[in-house]
Amino acid sequence: MFKMLIVDDEPLVRLALQQMIDWEREGIVIAGEASDGREALELLRQQGDIDILLADMMMPRLDGVGLLRALSEDKELSGRIVPIILSAHNDYSFVREAFLLGALDYIVKADMEEAAILSVVRKAVSALEERRGAAIDMEAGADDVGVTGGVIRSRDERWLKELLTKEAAEFSDAAVASLGEELAKEWKGHAGVAVLKLAASSREESVHSFIRGAIDSVMKEAELPLALCRTERHEYALLSGWGWGVSGACSLSALHDRMHTVLGLIMTRMQKYMNVPVSIGVSDPGHRNRSWKYLYEQAHDMAEECYYAGFGHIFYAGASRTGSRLPLQSCEGDEDMTRLRAAIMHELKGASEADDGLGVEQSDRSARAGWLRLVDCGDRLSPLETAWEELCRLLNDPAQRSPQDVKRFWGDLLWELGSMLYMRDKRWEDIDGAGGGPHEALHSCDTFADTKEMIWSLLMRVKQLLSPYHSGQDAPPVYSAPVAQAKQFVDENFCEDVNLSLLSSIVGVSESYLSKQFAKEVGSNFIQYLTRLRMEEAKRLLQNDVKIVEVAERIGYWNPEHFSRLFKKMTGITPKDFKKKSTARLAGG
């Protein structure tokens, strides 16, 4: 039996959920209930064996999003509980935030019928059963290495990782070499490696077993053998015999079609059910003169193509832009890039430093003169913006720049910025939004677009900090371009159906990146910010004697009851009472 916790601030909803379904028949026991996220978190930690969490989005003290975030950050609870979100009518846009934090699915309260609830809960049960089955299979096959039910198991994943990442002379055990030979022999030369690269922003620790289960189930359905290991924090390597079970000769075209179908299904399931963005790189089919390490490195390089192209793609060796690259050029030796970087530093220091004790070096002035000859500043961009855009144009060249080389260039730029701050008795901690430090933020950027936005935001904050007019907390906030654009759109359209998916498409960055940056820079997550704007507008309308039903519709809530509940949660008073008090205040004023 699986244990489920129901969390909702409305007693009638909790009662209905307990009584409208025969949970025992579904293999579920209701282990308890809570009226808000904070109480639920305490129960989850006390009991320690809850499997399914059914939680409302909007609750006092700690809402559904806050509860999911707390779960993902709790080492004991993360990855063990399957969350399902209860959403009020027309709240799907808010649920997107929950999906980013690992929610399996959602149930709309307005359509809360037995069939709809069971459909979602049974999905959670299936995921839990799949997880348990995978654990049992791993335990049962822990003492040998071989083909069992078409799936290859290994006693120690370290053997597989060594097989992929080390030369034969570096193997810690002779069994590693034997494992490689056995796989190649068993799969008859049609073996290959696929590398699954997960977005760094995804909380893969909380869905670790689900990822394995999804891959394992797809490979079983395709009747393909599998060896799987986690090579890096955000990366899995899948070894398989793509020609397994095919009688007679198997053309490369047929192998490619089979791989594409299977890997595409894995990608779809990870994105749809676990909200994990993934990029997949695929090696050439294995040959006798190519080691497993060679195939892994080939697949790994292909998966890294997402740095330029984004997630949601499968990249094949020989069919990628890498295959048509010119000889790679190092960023370090590029004179134009060196001039542009120096010019950016010059613009950040500012001409005002000529009057302080530091001054602007002659080399900086020379650099600025040099890069001005390279580009046309035009009338719309400042010198700093122009230098930055030209630098990014040179870097964003997948035909000539490897992702690794570009990342090293960004890292060097951050070190130079840090040194400049240090010389002026400043630290990264002095910059609002620096969080765990710029190098950590750089590491969490998966794509060139995300990296560009992160570093530009940092440059703006450095410029503000070094400005002679900087006045500490009195200085106006500086937002990164995507956050500023998203915030402006929400400010102007908060009464419409605004959601993270729409905003991310407008500003051109991923939902997960925008969600994280918005919360960090604005100080509240997207849902909280949107709700606060709507409630402030609701107060204004109520004070002008607008009917409650009309107020709800005007600010984007088509369900007046939901609006009333939300208003009370945010203000501590119902719209009706707020309106009465406002009227009385005006009458007495």
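Start with strands 8 to 12: select the five strands that form an open sheet in the order 9-10-8-11-12, with mixed pairing. Strands here are DSSP runs of E with at least two residues, helices are runs of H or I with at least four, and both are numbered from the N terminus. Two strands pair if DSSP finds at least two bridges between them. This is a predicted model, in which local features need pLDDT of at least 70 and side-chain atom pairs count only at pLDDT 80 or more, while totals for chains, interfaces and linings use all residues. Residues are numbered from 1 along each chain as its sequence is written, and side-chain values use heavy atoms, with hydrogens and water left out.

Go to the edges of this sheet. Strand 9 (227-232) and strand 12 (314-316) each have a single partner strand, so one side of each has no neighbour in the sheet. From one strand to the next, the twist averages 20°; axes are lines fitted to C-alpha atoms, for helices over the stretch in contact, and angles run from 0 to 180 degrees between N-to-C directions.

Now add helix 6 (residues 157-165). Helix 6 packs on the sheet and touches strand 8 (191-198), strand 9 and strand 10 (235-241), where contact means heavy atoms within 4.5 Å. The direction of helix 6 makes about 70° with that of strand 9.

At the other end of the strand order, select strand 11 (residues 278-282) with strand 12: they pair in the parallel sense over three bridges. I280 has I314 in strand 12 as its bridge partner.

Move to the second sheet. Five strands form this open sheet in the order 2-1-3-4-5, and the pairing is parallel. Its edges are strand 2 and strand 5 (105-108), each with a single partner strand, so one side of each is left without a neighbour in the sheet. The twist again averages 20° from one strand to the next.

Show helix 3 next. Helix 3 packs on the sheet, touching strand 3 and strand 4, and its direction makes about 150° with that of strand 3.

Select strand 1 (residues 2-7) and strand 2 (residues 28-34), which are parallel and joined over six bridges. F2 stands opposite I28 in strand 2. Follow the chain from strand 1 through helix 1 (residues 11-19) to strand 2: this β-α-β crossover is right-handed, that is, with the strands pointing away from the viewer, the path from the first strand over the helix to the second runs clockwise.

Then pick D56 in strand 3. An unreviewed UniProt entry annotates D56 as "modified residue: 4-aspartylphosphate"; such positions are given in the numbering used here, feature names are shortened, and annotations may be inferred rather than shown by experiment. Is D56 buried or exposed? D56 is buried, with a relative accessible area of 4%; buried means under 20%, exposed over 50% and partly exposed in between, with a 1.4 Å probe and protein chains only. Not counting residues up to four places away in sequence, D56 touches V7, D8, D9, G64, L86, K109 and K569.

Step on to R61, in the loop between strand 3 (52-56) and helix 3 (64-73). R61 is not a glycine, yet has a positive phi of about 65°. R61 counts as exposed at 53% relative accessibility.

End at D545, in the loop between helix 21 (526-543) and helix 22 (548-554). Phi of D545 is also positive, near 65°, in a residue other than glycine. At 55% relative accessibility, D545 counts as exposed.
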